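Me: I have a chain to go through with you, with its sequence and coordinates. Please take my questions one by one and close each reply on the value or name I ask for.

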Amino acid sequence: MITQEMIDRINELAHKEKEEGLTDEERLEQQTLRRQYIDAFKANLKSQLDNIVIVDENGEPVKHKN
């Protein structure tokens, strides 16, 4: 799960990168945080899509194929 603190840190590092650059440690932290954010976003989207119910013209739910 991504927290607000993680998002704030991602943004903080992005601003610092534009203004003065990042150290190697900060760059690694930025990459790690971004990967965690993307993974959490994808998991959330997949969960939402998995819960969508498609209904046919007769009003019956149709099972979707993965």
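Me: Is Asp50 buried, partly exposed or exposed?
Reply: The model is a predicted one. Partly exposed covers the range between under 20% and over 50% relative accessible area. The relative accessible area of Asp50 is 36%, so the residue counts as partly exposed.

Me: Which residue meets Asp50 in a salt bridge?
Reply: Asp50 and its partner both lie in helix 2, four residues apart, which is about one turn of the helix. The N to O distance between the two side chains is 2.8 Å. The partner of Asp50 is Lys46.

Me: Which residues are joined into one network by salt bridges that share partners?
Reply: The chain has six salt bridges when an N to O cut-off of 4 Å is applied. Some of these share partners and form one network. The residues joined in that network are Arg9, Glu12 and Glu29.

Me: Which salt bridge partner does Arg35 have, and is Arg35 buried or partly exposed?
Reply: The side chains of Arg35 and Asp39 meet at 3.1 Å, N to O. Both residues lie in helix 2, four residues apart. The relative accessibility of Asp39 is 39%, which makes Asp39 partly exposed. Arg35, at 44%, is also partly exposed, and its partner is Asp39.

Me: What is the N to O distance in the salt bridge between Glu17 and Arg27?
Reply: Glu17 has a relative accessibility of 31% and is partly exposed. Arg27 is partly exposed as well, at 33%. Their side chains meet in a salt bridge, and the N to O distance is 3.2 Å.

Me: How many residues apart are Glu17 and Arg27?
Reply: Glu17 belongs to helix 1, residues 4-19, and Arg27 to helix 2. The pair therefore links distant parts of the chain. Their separation in sequence is ten residues.

Me: Is Glu26 buried or exposed?
Reply: Glu26 is found in helix 2, which covers residues 24-50. Buried requires a relative accessible area under 20%. Glu26 has 15%, so this residue counts as buried.

Me: Which residue has its backbone nitrogen 2.9 Å from a polar atom of the Glu26 side chain?
Reply: Beyond four places in sequence, Glu26 touches Leu13, Lys16 and Gly21. The 2.9 Å approach is to a backbone nitrogen, with a polar atom of the Glu26 side chain at the other end. That nitrogen belongs to Thr23.

Me: Which element supplies the largest share of the largest nonpolar core?
Reply: The largest nonpolar core has five residues: Met6, Ile10, Leu13, Leu22 and Leu33. Three residues of this core come from one element, and that is its largest share. The element is helix 1.

Me: Which residues does Ile10 touch beyond four places in sequence?
Reply: Ile10 is one of the residues of the largest nonpolar core. Leu33, which Ile10 touches, is another member of that core. The full set of such contacts of Ile10 is Leu33, Arg34 and Tyr37.

Me: What is the radius of gyration of the chain?
Reply: The chain has two helices and two strands, in the order α-α-β-β from the N terminus. For 66 residues the globule rule gives 11 Å, and the value for the chain is well over that, so the chain is more spread out than a compact globule. The C-alpha trace spans about 60 × 20 × 15 Å along its principal axes. The radius of gyration is 19 Å.

Me: What percentage of the residues in the chain is buried?
Reply: The accessible surface comes to about 5,800 Å², of which 53% belongs to carbon and sulfur atoms. Among contacts between residues at least 6 apart in sequence, 26% join residues at least 24 apart. Of the 66 residues, the buried share is 11%.

Me: How far apart in space are Gly59 and Lys16, C-alpha to C-alpha?
Reply: Gly59 is in the loop between strand 1 (54-55) and strand 2 (61-62), and it is partly exposed at 47%. Gly59 and Lys16 are 43 residues apart in sequence. The C-alpha to C-alpha distance between Gly59 and Lys16 is 54 Å.

Technical notes:
Residues numbered from 1 in each chain as written. Predicted model: local features only at pLDDT ≥ 70, side-chain atom pairs only at ≥ 80, totals over all residues. Heavy atoms only, no water. Buried < 20%, exposed > 50% of the residue type's maximum accessible area, 1.4 Å probe, protein only. Polar contact = N/O pair within 3.5 Å; in protein donor to acceptor, adjacent residues only side chain to side chain. Contact = heavy atoms within 4.5 Å. Rg over C-alpha atoms; globule rule 2.2 N^0.38 Å. Areas by Shrake-Rupley, 256 points an atom, 1.4 Å probe, with all protein chains shown as cover. Core = buried A, V, L, I, M, F, W, Y, C linked by side-chain atoms within 4.5 Å.
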